[in-house]
Amino acid sequence: MTEARKALDVRFENVTKRYGEAVAVRDVSFSVAPGTLVTLLGPSGCGKTTTLRMIAGLEQPSEGRVLIGGRDVTGMPPAERDVSMVFQSYALFPHMTVLENVRYGLVVSGRRKRDANEAALAALAQVGLEGFGNRLPSELSGGQQQRVAVARALVLQPGVMLFDEPLSNLDARLRRHMREEIRALQQRLGLTVVYVTHDQSEALAISDEIIVMNNAVIAQQGGPRDLYERPASAFVAGFIGESNRLAARLEQRGPEEGTVVLGSARVVLPHHGAAEGAITLAVRPEAVRLVPVADPAAALAGTVTAAAYLGATMEYLVDSEAGEVFIVCPETGSPRKVGDQVALAVRPQGLCVLAA
Amino acid sequence: MRRAALWLAALALAGVVLPPWYLVQDRLADIDWSGGWLTEPDHAPAVSQALLFGRWWLWPVLATAAAAAASLLLPARRSLARALAACGTLGLLALIIQGYAIGLGGWRFAVLEAVFGPLGDRQFGIGTGATLAALAFLWMATTGLAGLGFFRGDPFTAGAVGTVALAVILFTFLPIASLLSDAFRTSEGTYTLGALFGRLGDDRTWGLACLAGAPRCGVAWNTLMLALMTAGGTTALGLAFALLVTRGGIRFPRALRTLTILPIITPSFVIGLGLILIFGRSGIVNQLLYGAFGIEGGRWIYGLQGVWLAQMFAFTPTVFLVLIGVVEGVSPTMEEAAQTLRANRWHTFATVSLPLMRPGIANAFLVAFVESIADFGNPIVLGGNFGVLSTEIFFAVVGAQADAGRAATLALVLLVFALGAFWAQARITGSRSYVSIAGKGDGGVHPPLPAWVRRLCLGVALPWAGLTILLYAMALTGGFVETWGRDYTPTLRHLVRAFDLEWSARGLIWSGVAWNSVWTTVKLAAVAAPLTAALGIIAAWLFTRQSFVGRRALEFATMLSFAVPGTVIGVAYIYAFNVPPLELTGTGIIIVLCFMFRNLSVGLRSGMAAMSQIDRSLDEASFTLGGGGLDALRRVILPLLRPAIIAALAYSFVRAVTTVSAVIFLVSAEYELATVFIINRVINGDYGVAITTSTALIVTMGAVLALIQVVVGSRRIRRRAPALAAGARA
């Protein structure tokens with residue numbers, strides 16, 4: 001039973017969800033390819049959990065269609081969809097042992113108890129919990145409860161597995177470990193996983209694809225590298241990683257690209273539909289270098305207003321003519337002091353024109 | 001601490017020097033306040049009692065009060081604290097020992113008489129002076145202890161603990177202990193185990209003759225049987241209602257919810273009254289049967305079946321209220337998890353929802369059980385020859401035999417039943433409670449009920465709700481016809497007789513027969529409500545926010561006192577407070593105290609519930625910012641608790657007005673209460689006035705609660721309304 005029976009795809013077609021006046025999800029369409037891990041990422045209240053619950057069938061869309069494995073499941077109860085879910089609070093049944101929890105789904109779908117037990121024990125082994133079957137959930141640590149929740153969802157060999165912020169109740173170290181485990185499990189079994197989180201580093205670390213949501217709509221969908229290096233909007237640039245927003249100009253606008261003028265530097269970049277003239281440029285902190293004042297690569301001049309030593313790196317705040325710049329500098333040997341005059345050079349890979 | 005010590009010493013000195021030490025039998029106005037009271041034997045303060053009238057046993061009290069004042073001269077903080085603790089403890093002990101040693105007939109214990117010789121003097125119950133001195137000594141002791149580092153050094157916490165502990169001991173444990181001792185007393189006045197067993201073995205209590213065909217069993221069996229029937233029936237009905245309201249997808253869940261306030265605003269016997277109007281000998285049903293078929297309806301409503309029916313109507317709403325919490329408390333995430341694991345509605349309900357509710361359901365069963373055994377109003381109205389413990393206790397006290405020993409023994413049996421239920425309840429809720437309100441990430445929606453479960457609930461609950469409403473309608477309007485059963489001409493005659501007002505030369509005269517008792521009730525309840533709420537909130541604060549040695553014991557003792565049935569408390573109060581040092585029988589004070597300690601649970605529970613939702617770090621912030629316990633309570637907690645406080649005030653007032661079982665023993669000619677007035681009318685067959693008076697009470701209390709509801713607003717637990725799309729399908 002170590003292989004998933006079949007990984008299914010998920011498709012949303014113009015789905016809207018309203019609670020009375022409030023719109024939780026507005027006209028959202030996307031698709032999740034079979035065997036991939038897709039993250040729904042966004043701040044709280046953006047509609048990501050509602051979207052997940054509509055895949056599970058715990059909420060029904062007000063408009064639009066939900067398809068799983070090509071089958072229209074809109075209006076179907078959860079029990080009839082080929083999905084299973086790991087809840088934020090784990091939702092382990094406190095009155096059942098670990099084994100009873102894990103085999104629950106099999107038993108209610110009519111499997112013989114012996115088969116169900118076997119499958120449940122195998123699933124517990126998958127998550128490294130052999131021998132814990134007779135414990136009660138209250139006798140397990142947070143990380144172990146999390147594994148039971150995963151095993152319980154896994155044992156059904158679902159076409160789609162859903163995770164609703166599964167790691168938010170764990171401490172930072174365990175969280176890192178568990179996310180690697182989940183990713184490894186997904187890769188090994190070739191599962192389709194839809195994963196909700198508000199932690200951008202978690203999303204970047206485990207996803208094949210990320211769907212960023214904001215205010216009930218999709219802000220951007222793409223691979224982790226796309227989103228980080230080519231954010232489509234100020235929101236995405238700010239939500240995924242740190243980024244500076246600097247004043248620049250766009251000149252010689254072509255069909256796709258244009259020349260961006262930042263201080264004395266000129267770089268050719270995709271213009272993302274921005275008009276010629278004043279634009280906002282998203283600049284990653286690690287794309288900025290401190291250089292000597294007379295350096296030919298220098299684009300901007302400025303004054304250091306804050307400096308922090310973080311062990312592996314230095315962080316600076318520099319006041320420049322294009323705005324305040326936050327810099328992460330890997331070189332810690334000769335730190336600058338507050339008040340030093342510095343020049344800044346930029347690397348094109350960390351720059352992105354924000355659409356108006 | 002020095003300032004607190006100054007005030008307390010002043011209070012103690014004032015208590016022994018100024019006001020009358022003993023309970024004053026005359027009206028306050030009859031006392032010669034111009035100065036003569038200081039030398040009158042009945043009105044004199046402790047100082048003159050000792051100096052002029054040779055009451056030497058007051059000297060230790062006076063000496064400690066003086067010593068407390070003198071200790072203010074101690075320069076070191078720590079020695080002052082030690083002195084305060086010592087003076088407070090000694091003063092309190094001196095006061096208590098002399099109070100209990102010397103009573104109305106001199107020495108109260110033969111041992112003392114033998115040692116010291118006959119006293120040739122006597123003393124009455126404690127009065128204003130002694131009360132002030134006792135409080136001063138108590139707070140001195142606690143302030144001293146706080147100064148020595150106990151109670152985290154906070155004098156307010158210490159004082160609150162001392163006050164709550166003393167109050168619970170004096171007004172719950174002491175009366176019950178003295179009641180229990182009565183059960184061991186023979187008619188000659190000695191105490192033997194044989195006396196208890198003789199009474200316990202009484203056939204009237206434990207007889208099982210009814211199994212062999214005799215007309216009745218012992219009252220203990222009657223009580224148990226009735227309680228089990230009522231608890232089973234009300235739990236089933238209450239569960240049906242609760243399931244419907246929370247996940248049945250019905251259209252007017254709020255309407256059903258309003259049913260739950262009925263038992264709070266209604267004296268319990270009103271249901272009995274309504275049943276008599278419907279099924280009694282001249283009730284509607286009998287009349288229709290006689291008119292249509294010439295069948296003589298009997299008096300079947302009087303007896304076990306009648307009392308059971310009345311209790312079913314009376315307590316279903318209470319159980320419903322308990323079960324709503326249980327049903328809503330099941331985390332919807334659990335049910336959603338089951339659904340995503342392929343369970344259909346029935347599986348989800350049977351394997352997850354129901355097992356999670358089981359402890360709550362057992363708890364509701366026990367709540368109904370306790371309500372039933374403590375109920376006095378319905379059995380007295382409908383019991384007929386079917387006696388239960390509460391009514392038998394009443395008749396043992398007021399009946400021709402006035403058998404205190406039998407009353408005490410029956411009360412003991414009742415107490416054991418109640419404590420047994422309490423123990424079971426504590427075990428159930430303590431060990432395996434899965435119910436939790438609003439954990440993190442519990443934003444889910446309850447699934448709708450399986451279709452046939454829903455139909456079953458609807459089929460049971462809706463007719464029952466209809467019957468309840470009919471019953472209340474009868475009970476409320478029955479007073480507005482000439483004579484029920486014979487002449488249904490509408491009339492205001494009874495209302496006028498109960499609540500007439502006349503204008504005369506001397507102004508307004510409240511000439512209706514019910515006015516006296518209604519005003520007395522309202523006055524005493526209004527005095528008791530703020531005291532009840534304050535004591536309850538302070539106790540809640542101590543139990544949830546403070547940690548001190550003996551907290552769990554105090555909390556347990558307080559909770560235990562709520563398990564004592566009203567009838568037991570009533571009987572215990574009259575026997576315990578009939579003699580000095582606390583001589584309260586026949587006063588309004590005893591009724592106020594009874595209201596307070598019967599209804600303390602209201603303030604305590606709402607306070608504890610509200611406080612557990614306020615993060616502890618708020619108090620801690622107040623402490624780290626330099627505030628004491630009083631500041632944390634007054635500036636941080638209380639403002640956040642305002643709704644809970646208002647609710648506690650209103651509910652303790654309303655419950656005080658509608659209570660029967662305890663206070664029926666405590667009323668006197670001067671202090672008659674409305675509920676007791678009504679019961680006496682019913683016993684005399686004067687239904688018109690009884691019904692109009694209850695109607696007035698219910699309507700007024702309903703208005704009070706409605707007003708509070710508007711002021712406070714209702715609390716919302718979850719953010720999404722359940723069953724939006726799917727619920728409509730079933």
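**Exercise 1. Into which domains is chain B divided, and what are their residue bounds?**

Solution. Chain B splits into domain 1 (2-148), domain 2 (224-478) and domain 3 (505-712); domain bounds come from an automatic or database domain assignment. This is a predicted model, in which local features need pLDDT of at least 70, side-chain atom pairs count only at pLDDT 80 or more, and totals for chains, interfaces and linings use all residues. Residues are numbered from 1 along each chain as its sequence is written, while chains are lettered from A and ligands numbered from 1 in the order in which they are written.

**Exercise 2. Describe how domain 1 of chain B meets domain 3 of chain B.**

Solution. Step one is the separation: the centres of the two domains, taken over C-alpha atoms, are 30 Å apart. Step two is the contact count, where two residues are in contact if their C-beta atoms, placed from the backbone, lie within 7 Å. By this rule, 9 residues of domain 1 of chain B touch 5 residues of domain 3 of chain B. Step three is the class of the residues on the domain 1 side: 5 are nonpolar, 4 are polar and none is charged. Here Ala, Val, Leu, Ile, Met, Phe, Trp, Tyr, Cys and Pro count as nonpolar, Asp, Glu, Lys and Arg as charged, and the others, Gly among them, as polar.

**Exercise 3. Characterise the side of chain B that touches chain A.**

Solution. Begin with the count: 24 residues of chain B are in contact with 23 residues of chain A. Next, find the elements that supply them; helices (H or I, at least four residues) and strands (E, at least two) are DSSP runs, numbered from the N terminus. Helices α16 (332-340) and α17 (345-374) of chain B each supply at least two residues of this side. The largest share, 6 residues, is that of α16(B). Finally, sort by class: 10 nonpolar, 9 polar and 5 charged residues make up the side of chain B that touches chain A.

**Exercise 4. Assess the confidence of the model, with attention to chain B.**

Solution. For the model as a whole, ipTM is 0.72 and pTM is 0.75. The per-residue score is pLDDT, the predictor's confidence in each residue, from 0 to 100. Chain B has an average pLDDT of 81, and 90% of the residues score at least 70. Among the elements of chain B, the highest mean, 91, belongs to helix α6 (residues 128-147), and the lowest, 66, to helix α27 (residues 616-624). Residues 433-442 of chain B have pLDDT below 50, and this stretch has 23 contacts in the model beyond near neighbours in sequence. Over residues 714-730 of chain B the pLDDT also stays under 50; the model has 28 contacts for them beyond four places in sequence.

**Exercise 5. Check the length, bend and burial of helix α15 (residues 304-329) of chain B.**

Solution. The expected span of a helix is 1.5 Å times one less than its number of residues. For the 26 residues of α15(B) this gives 38 Å, which agrees with the 35 Å between the end C-alpha atoms. The bend at a residue is the angle between axes fitted to the seven residues ending there and the seven starting there. In α15(B), a kink of about 40° lies at Phe315(B), shortly before the proline Pro317(B). For burial, a residue is buried if 20 or more other C-beta atoms lie within 10 Å of its own, exposed if 12 or fewer, and partly exposed in between, with C-beta atoms placed from the backbone. In α15(B), 20 of the 26 residues are buried, so the helix is largely enclosed by the rest of the structure.

**Exercise 6. Is Ile637(B) buried or exposed, and which residues does Ile637(B) contact?**

Solution. Ile637(B) belongs to helix α28 (residues 629-640) of chain B. Its C-beta has 23 others within 10 Å, so Ile637(B) is buried. Leaving aside neighbours within four places in sequence, the contacts of Ile637(B) are Trp541(B), Met611(B), Ile614(B) and Ala632(B). Between Ile637(B) and Ile614(B), 23 residues apart in sequence, the C-alpha distance is 7.9 Å.

**Exercise 7. Summarise the build of chain A.**

Solution. Chain A contains 8 helices and 20 strands. Its domains are domain 1 (10-229) and domain 2 (242-353), with C-alpha centres 39 Å apart. The C-alpha atoms of chain A fill a box of roughly 80 × 45 × 35 Å, taken along the principal axes. Of the 356 residues in chain A, 44% are buried.
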